[in-house]
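Here is a short set of questions for reading a model at the bench, beginning with a ligand and going on to a strand and a helix.

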Amino acid sequence: MRFVVTGGGTGGHIYPALAIARGLEERFGAEIHYIGGTRGMESDIVPKSGFPFLPIHLEGFKRSLSPSNIKVAWRAARGVAQAWRYIRQIRPAAVVGTGGYVCGPVVLAASLCGIPTLIHEQNALPGITNRILARFVDHIALTFEDSKKYFTSKARTKVTGLPVRPEILLKDRRASRDKLGIPEEARLVLSFGGSQGAGSLNRAMAGLFKSLHGEGAGHCGLPGKVHFLHVTGPRQHKEFMEGLDNSGILLANNGNITITSYLYDMPDALAASDLVICRAGAATLAELTVLGLPAILIPYPYAAGNHQEYNARALESTGAALVIRDADLSGDILFSNARRLLGDVSRLAGMAESSKRMGKPRALEDILDCVQIILNN
Ligand SMILES: CC(=O)N[C@H]1[C@@H](OP(=O)(O)OP(=O)(O)OC[C@H]2O[C@@H](n3ccc(=O)[nH]c3=O)[C@H](O)[C@@H]2O)O[C@H](CO)[C@@H](O)[C@@H]1O
């Protein structure tokens, strides 16, 4: 049995696609073919995952009127033809797409060839590709209940949640803390932007560290012992460290602050955390909720259609997270909110419970069940 999996652009579309690909392989003993764009991150990430990668040449349209859109339209037509050829050659039992513009021609070609199709939507405010594809597909798997209203086609919908990498579910808090050197009695606050880091969050964290500076290791003006683990993002690391230096913040004097440019062991860091401060990308939120972690979310305000704000508000509305708008963000605001939460153990526990209730540890299994349904029809 063969399946085509497609989805791309950024990690937020690719990692769920890879989790589903792995699940299809295991449940159906299937052969997976991943079709992705040559310009998206999938051309780098998917080959490393071991799945055969079939590239198509596509790029996104500029939102404004631009002569370069003529070139883009020509490439799009060629991309559609390429997708069509792949689908005719592979003749998959079904095609699963996770959004991003590459998903459009692939899922469309499959649907026109009469092959069963399923799309997964990661965000509370669905992306444009998935909204268009909704009219052609057999099944739509959703991360958020809230996004159901945007899909009025006849396709079946099911709220499955977003499948997370298996390691996220397997970590042990104590072992992860030992690995990261976090003392048992300290609470860990983890902060990071998306996979690229976030400039405004970095500035606010620098402000927060400034407020803590001088309070002495392990105390830092916060209730109890608190350890900070901050991820700057690879491209902003140097600037961030220089900024701290210029402000006279010597990390060596604060045994409770760890700064890193990127976390390859994110599953360990999440398992060890008590509070997370981050953006509101859908994959990140799925990880927080599957583990039941309370969070302060600062949605990225320039995400398409401001969809991170919708993602974040979905968590806020259940009490799982507190939301600070990027425009309101400052070191003082972050510091006072973190201090308030860390000082209110029962509120933090309530947030953790609400977060856990939103988590969907069975997301992958449910998506695979949906695939089974479209195969049976
Ligand atoms: C700017 C933008 O438009 N971002 C979108 C993009 O996010 P993006 O592609 O950044 O994906 P997410 O924010 O959803 O996830 C980031 C992933 O990177 C991991 N990570 C991050 C930092 C690190 O140091 N180590 C690490 O492993 C996180 O654990 C998570 O698994 O796709 C998502 C899914 O469609 C959307 O919801 C986001 O709004």
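The questions and answers below concern this predicted model.

Q: Where does the ligand lie with respect to domain 1 and domain 2?
A: Domain 1 comprises residues 2–162 + 362–376, and domain 2 comprises residues 167–358. Both of them give residues to the shell around the ligand, so the ligand lies between domain 1 and domain 2.

Q: Which residues come nearest to the ligand, and which elements give two or more residues to its shell?
A: Of the 25 residues around the ligand, the nearest are T10, G12, G194, G281 and A283. The elements that give two or more residues to this shell are α1 (11–28), α11 (282–291) and α12 (307–316).

Q: How many residues of the shell around the ligand are charged?
A: The shell divides into ten nonpolar residues and 13 polar ones, and the charged residues in it number two.

Q: Which strands are joined to β8 by bridges, and which residues stand opposite V189 and S191?
A: Strand β8 (residues 187–192) runs parallel to β9 (residues 226–231), with five bridges between them, and V189 has F228 opposite it in β9. Four bridges join β8 to β11 (residues 275–278), also in parallel, and there the bridge partner of S191 is I277.

Q: Is strand β8 mostly covered or hardly covered, and what is the count of buried residues in helix α9?
A: Strand β8 has five of its six residues buried and is therefore mostly covered, if a residue is called buried when 20 or more other C-beta atoms lie within 10 Å of its own. Helix α9 (residues 237–246), by contrast, is hardly covered, and among its ten residues the count of buried ones is one.

Conventions. Residues numbered from 1 in each chain as written. Predicted model: local features only at pLDDT ≥ 70, side-chain atom pairs only at ≥ 80, totals over all residues. Near = placed C-beta within 6 Å. Nonpolar A, V, L, I, M, F, W, Y, C, P; charged D, E, K, R; others polar. Domains from an automatic or database assignment. Buried ≥ 20, exposed ≤ 12 C-beta atoms within 10 Å, placed from the backbone. Pairing = 2+ DSSP bridges.
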